Amino acid sequence: MDQQLYALYNMMIEFFRGDSRRCQHWIKVHSLARQIAIGEGMEAHALFVLEATAMLHDCGIKPGELKYGIDHAHGHVQEVEGPPEAEKILKALNFAQEDIERICYLIGHHHTYDNIDGLDYQILVEADFLVNLHERGNSKEVVKNTLKNIFRTKTGSAICTAMFGLE
């Protein structure tokens, strides 16, 4: 499993070649997702699936930009375009089909915040929000509202509170 994650990490660096902003984004989401998952006691295989998902979560941006233009590859477009792209990458790395299915499901819903159906999904959403809130320079008020309305894990909530100085 470690070798598959290592290979996926390198593949995603290559996938976003020349786009350091996007590379930095998924690397931060991956790091935070892993930290939250460990803090929440996630078991090893679920952590493996989550880590792969975090690396791939925005892979729909590139095909979305090709289809719809640079300014139109947000949210829903990523959810539609990401799973087929992720499936190609994961099959090339010999990921198990059941893992591919869960990863693609999570990518296909990572901008949908109702009906979160598992700890992996919740953690992915929280990690992505932590990075996006910073990258967008959101106000403390926006961060507080996001914490209240989106965050459910103790670890993610604690990271958000400390990171943005909400105490």
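This passage walks through how some of the helices pack together and what lines the largest pocket. The model is a predicted one, so everything below describes that prediction.

Two packed helices can be described by the angle between their axes and the distance between those axes. Helix α1, residues 2–15, and α3 make a handy starting pair, with an angle of about 5 degrees and axes 10 Å apart. Angles under 35 degrees count as roughly parallel, and α1 and α3 are therefore roughly parallel to each other. On the α1 side, the contact is built from Gln4, Leu5, Leu8, Tyr9 and Met12, while α3 supplies Phe48, Glu51, Ala52, Met55 and Leu56. Sorted by class, that contact holds 8 nonpolar residues, plus 1 polar and 1 charged.

Helix α3, which covers residues 44–56, also packs against α6. Here the axes come within 9 Å and cross at roughly 50 degrees, so α3 and α6 are oblique to each other. The crossing of α3 past α6 is right-handed. From α3, the residues involved are His45, Phe48, Val49, Ala52, Thr53 and Leu56, and they meet Asp99, Arg102, Ile103, Leu106 and Ile107 of α6. This contact counts 7 nonpolar, 2 polar and 2 charged residues. Some names turn up again: Phe48, Ala52 and Leu56 of α3 are listed in the contact with α1 and in the one with α6.

Next comes α6, residues 97–107, with its partner α7. Their angle is about 45 degrees and their axes are 10 Å apart, so this pair is oblique as well. Once more the crossing is right-handed, with α6 passing α7. Arg102, Tyr105 and Leu106 of α6 touch Asp120, Tyr121 and Leu124 of α7. The split by class is 4 nonpolar and 2 charged, with no polar residues. Arg102 and Leu106 of α6 thus belong to the contact with α7 and also to the one with α3.

That leaves the largest pocket. Its volume is about 400 Å³, and 19 residues line it. Nearest its centre lie Arg21, Asp58, Ile61, His74 and Gln78. Helices α2 (20–39), α4 (61–68), α5 (75–92) and α7 (119–135) are the elements that each give two or more residues to the lining. The largest share comes from α2, with 4 residues. As for the chemistry of the lining, 8 residues are charged, 6 are polar and 5 are nonpolar. Helix α7, then, is among the contributors to the pocket lining and also packs against α6.

Note on methods:
Residues numbered from 1 in each chain as written. Predicted model: local features only at pLDDT ≥ 70, side-chain atom pairs only at ≥ 80, totals over all residues. Heavy atoms only, no water. 1 Å grid on protein atoms, 1.4 Å probe; cavity = no way out; pocket = protein on both sides within 12 Å on 5 of 7 lines; lining within 4 Å. Points joined across faces, edges and corners; volume = space filled by probe spheres on them. Nonpolar A, V, L, I, M, F, W, Y, C, P; charged D, E, K, R; others polar. Axes fitted to C-alpha atoms, helices over the stretch in contact; angles between N-to-C directions. Parallel < 35°, antiparallel > 145°, perpendicular 65-115°, else oblique. Left-handed = near helix turned anticlockwise from the far one by under 90°. Contact = heavy atoms within 4.5 Å.
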